[in-house]
Amino acid sequence: MPCIFCEIIASRMPAHRVYEDEQCLACMDIMPITSGHVLVIPREHAANIWELSAQASAALMPAAQKVALALRKSGLPCEGINLFMANNAVAGQSVFHAHLHVVPRVHGDGFGLRFPPHYGQSVQDEILQQQAERIKEAL
Ligand SMILES: [Zn+2]
């Protein structure tokens with residue numbers, strides 16, 4: 001089965017495009033979380049952030065910023081914006097071509113992040129230090 005986002009990029013499937021450049025394309029999400037929800041999709045097929053080239057990755061944020069600025073000017077409901085990228089099914093990814101969500105927010109829109117019950121408790125310095133060391137070693 002072809003990748004739906006590659007099909008959109010190749011114009012073999014329709015999409016409501018709002019922005020394009022050499023590296024990426026932005027279009028309306030057909031199943032929007034909130035009104036005006038836009039997807040920024042790199043032209044390069046990569047399943048997720050781990051596979052995405054540094055060049056394609058670097059192009060996503062400027063495109064998302066352009067879309068965010070446009071959303072605010074557009075007159076569409078937009079009191080705030082969340083950017084998020086889901087990587088792997090466990091994180092909510094459903095189309096396995098990396099993409100960045102630009103989600104307009106208004107009070108009472110029903111969307112939100114659900115934090116686990118332990119959230120709000122700080123972690124011991126030594127644990128944070130160990131975690132930081134492991135990440136630094138992996139860089
Ligand atoms: Zn693809």
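**Exercise 1. Work out whether alanine 46 is buried, exposed or partly exposed, and place it in the chain.**

Start with the neighbour count: alanine 46 has 15 other C-beta atoms within 10 Å, so it is partly exposed. The cut-offs behind that call are 20 or more other C-beta atoms within 10 Å for buried, 12 or fewer for exposed, and partly exposed in between, with C-beta atoms placed from the backbone.

A quick word on the model: it is predicted, so local features need pLDDT of at least 70 and side-chain atom pairs count only at pLDDT 80 or more, while totals for chains, interfaces and linings use all residues. Residues are numbered from 1 along each chain as its sequence is written.

Next, the location: alanine 46 sits in the loop between strand 3 and helix 2. Helices (H or I, at least four residues) and strands (E, at least two) are DSSP runs, numbered from the N terminus.

Now the contacts, meaning residue pairs whose C-beta atoms, placed from the backbone, lie within 7 Å. Setting aside residues up to four places away in sequence, alanine 46 touches Glu51, Leu52, Ser53, Ala56 and Ala98. Finally, cysteine 6 is 40 residues away along the chain, yet its C-alpha atom is 9.9 Å from that of alanine 46.

**Exercise 2. Lay out the sheet: what is its strand order, and which strands are at the edges?**

First, the order: this open sheet of 5 strands runs 1-2-3-5-4, with antiparallel pairing. Two strands count as paired if DSSP finds at least two bridges between them. Then the edges: strand 1 (17-20) and strand 4 (80-84) each pair on one side only. From one strand to the next, the twist averages 20°.

Now zoom in on strand 3. Strand 2 pairs with strand 3 in the antiparallel sense over 5 bridges, and methionine 28 stands opposite valine 38 there. Strand 3 (residues 38-42) also pairs with strand 5 (residues 100-105), again antiparallel, over 3 bridges. In that pairing, histidine 101 is the bridge partner of leucine 39, and valine 40 stands opposite leucine 100.

Last step: add helix 2 (residues 54-74), which lies across strands 1, 2, 3, 4 and 5 and runs at about 155° to strand 3. Axes here are lines fitted to C-alpha atoms, for helices over the stretch in contact, and angles run from 0 to 180 degrees between N-to-C directions.

**Exercise 3. Find out which way the side chains of strand 3 point, and how valine 40 fits into the core.**

Begin with the general rule: in a regular strand the side chains alternate between the two faces of the sheet. In strand 3, Val38, Val40 and Pro42 point one way, Leu39 and Ile41 the other, and all are buried.

Then list the contacts of valine 40 beyond its neighbours within four places in sequence: among them are Cys24, Ala26, Leu60, Val67 and Val102.

On to the core. The largest nonpolar core (buried Ala, Val, Leu, Ile, Met, Phe, Trp, Tyr and Cys residues joined through C-beta atoms within 7 Å) has 23 residues, and Ala26, Val40, Val67 and Val102 have the most contacts inside it. Helix 1 (4-9), strand 2, strand 3, helix 2 and strand 5 each give two or more residues to this core. Helix 2 gives the most, with 7 residues.

Terms used:
Two residues are in contact if their C-beta atoms, placed from the backbone, lie within 7 Å.
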